[in-house]
Amino acid sequence: MKTFYTLRDVYKARSVISKYIVRTPLRYSKRLSRVLGCDVYLKLENTQVTRSFKVRGGVYYMSVKVDDAIRRGVITASTGNHAQSIAYAASLYGVRAAIVMPQGISRTKIEALRDLGVEIIFHGSVFEEAREFAEKLAEEKGMLYIHPVNEPLLYPGVATMHLENIEDLPDVDVIINPIGGGSGASGAVVVAKSVDPSIRVIGVQAEGAPSFYLSWREGRIVSAGYAKTIAEGLATARAYELPFNILKDRIDNVVLVSDDEMIRAIKLLVELEGIIAEPAGASALAAAFKVKESIQGEKVVVMITGGNIDPETLVSFLLK
């Protein structure tokens, strides 16, 4: 397994995927800047073609593996946004695709997948159970298995969002990025620290799914063995080798946020900016409040990584 990729790989990925995805806005928030005491810029990956940053990785993967993918078909596991990434990419290249998902995924994500024409298989109650079943099915059916976290070809594509950040805000001081599997935060450290090692990257995990945080603290991969959070995109019960190896010596801090803190961030995004984010997508803003004292006066990019949330769930959060 290739452990690292370079800035050159990210530029190569962008040259391939740019015609299939959108360049998402980096929006300055005057109101959040006043509240947090720093210059807050929101990277709106919730406006991406699948309303999530993940599609960048899926499109690049499929472009490289297209011949094998068409011949064998592809299968992966996901809690939603990675699934849409692979489904969208498969639709572009005429590839047969199957997605294994745990129970309890939002209706919005499931309907979006059905619209893209993939086969959906429900198995287990948590992501790891779905992942293990997908690996078993891939072997039985001879399909091309796409590991949702440890697949190196996903990473250069995902990292293109951070190329955009640096180009749009060259004097950025801090980037705050959620960590579910870890591809997004990995892209932040590869791109930002290749440009300027002094740019700080802060990762965010859910309090109820802290495996990467614990691994980072220990300096080795450990597993919390549970994932209890409303944030589907952060609900991983273990840390994974590829992102851990990229992040362990490069990320500057990792912050844990509670479900209530993510709900507060969702409400603030709606009330102050008219932006809809899912819990994982709002987690970076929740983290910004937790590290408020350390980012005073700085230029801070807050990654809004996804906006796939059921309307009923959003309303319930807004009424809390």
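Mentor: Two strands count as paired if DSSP finds at least two bridges between them. With that settled, the structure above can be discussed; please keep in mind that it is a predicted model.

Trainee: What makes strand S7 and S10 a pair?

Mentor: Strand S7 (residues 174-178) shares 3 bridges with S10, in the parallel sense. The requirement is at least two bridges, so the 3 bridges of S7 and S10 satisfy it. Within this pairing, isoleucine 176 stands opposite valine 302 in S10.

Trainee: In what order do the strands of the open sheet with mixed pairing stand?

Mentor: That open sheet has 6 strands, in the order S1-S2-S10-S7-S8-S9.

Trainee: What makes strand S1 and strand S9 edge strands?

Mentor: Strand S1 (26-29) and strand S9 (253-257) each pair on one side only. On average, and with direction ignored, neighbouring strands of this sheet are turned by 25° against each other. H11 packs on this sheet, where it touches S1, strand S2 (39-44), strand S8 (200-206), S9 and S10, and its direction makes about 90° with that of S9.

Trainee: Why is H11 called roughly perpendicular to H13?

Mentor: Helix H11 (residues 259-273) and helix H13 (residues 311-318) pack at an angle of about 95°, and their axes are 9 Å apart. Angles of 65 to 115 degrees count as roughly perpendicular, so H11 is roughly perpendicular to H13.

Trainee: Which residues in H11 and H13 meet?

Mentor: From H11 come Ile263, Ile266, Lys267 and Val270, and they meet Leu314, Phe317 and Leu318 in H13. By class, the residues of this contact are 6 nonpolar, no polar and 1 charged.

Trainee: Glutamate 273 is also found in helix H11. Why does glutamate 273 count as buried?

Mentor: The relative accessibility of glutamate 273 is 16%. Buried means under 20%, so glutamate 273 counts as buried. Apart from neighbours within four places in sequence, the residues in contact with glutamate 273 are Arg27, Ser29, Arg31, Leu32, Leu42 and Leu268.

Trainee: What is the strand order of the open sheet whose pairing is parallel?

Mentor: The order is S5-S4-S3-S6, with 4 strands in that open sheet.

Trainee: Why is one side of strand S5 and of strand S6 left without a neighbour in the sheet?

Mentor: Strand S5 (119-122) and strand S6 (144-146) each have a single partner strand, so they stand at the edges and one side of each has no neighbour in the sheet. Here too, the average turn between neighbouring strands is 25°, direction ignored.

Trainee: How do you know that strand S3 and strand S4 are joined?

Mentor: Strand S3 (residues 74-77) and strand S4 (residues 97-101) run parallel and are joined by 4 bridges. At least two are needed for a pair, so S3 and S4 meet the criterion. Threonine 76 stands opposite isoleucine 99 in S4, and alanine 77 has valine 100 as its bridge partner in that strand.

Trainee: What makes both faces of S3 and of S4 covered?

Mentor: In S3, Val74 and Thr76 on one side and Ile75 and Ala77 on the other are all buried. In S4, the buried residues are Ala97, Ile99 and Met101 on one side and Ala98 and Val100 on the other.

Trainee: Which helices lie on this sheet?

Mentor: Helix H5 (residues 107-115) lies across S4 and S5 and runs at about 145° to S5. Helix H6 (residues 127-141) packs on the sheet and touches S3, S4, S5 and S6, its direction making about 160° with that of S3. Angles over 145 degrees count as roughly antiparallel, so H6 is roughly antiparallel to S3.

Trainee: Why is alanine 134 called buried?

Mentor: Alanine 134, found in helix H6, has a relative accessible area of 0%. The limit for buried is under 20%, so alanine 134 is buried. Not counting residues up to four places away in sequence, alanine 134 touches Ile75, Thr76, Ala77, Val100 and Tyr145. The C-alpha atoms of alanine 134 and alanine 77 are separated by 6.0 Å, although the two residues are 57 residues apart along the chain.

Trainee: Which elements have the lowest and the highest mean pLDDT?

Mentor: H5 has the lowest, 90, and strand S10 (residues 299-304) the highest, 99. The chain averages 96, and 99% of the residues score at least 70.

Conventions:
Residues are numbered from 1 along each chain as its sequence is written. This is a predicted model: local features need pLDDT of at least 70, side-chain atom pairs count only at pLDDT 80 or more; totals for chains, interfaces and linings use all residues. Side-chain values use heavy atoms; hydrogens and water are left out. Helices (H or I, at least four residues) and strands (E, at least two) are DSSP runs, numbered from the N terminus. Axes are lines fitted to C-alpha atoms, for helices over the stretch in contact, and angles run from 0 to 180 degrees between N-to-C directions. Contact means heavy atoms within 4.5 Å. pLDDT is the predictor's confidence in each residue, from 0 to 100. Angles under 35 degrees count as roughly parallel, over 145 as roughly antiparallel, 65 to 115 as roughly perpendicular and the rest as oblique. Ala, Val, Leu, Ile, Met, Phe, Trp, Tyr, Cys and Pro count as nonpolar, Asp, Glu, Lys and Arg as charged, and the others, Gly among them, as polar. Buried means under 20% relative accessible area, exposed over 50%, partly exposed in between (1.4 Å probe, protein chains only).
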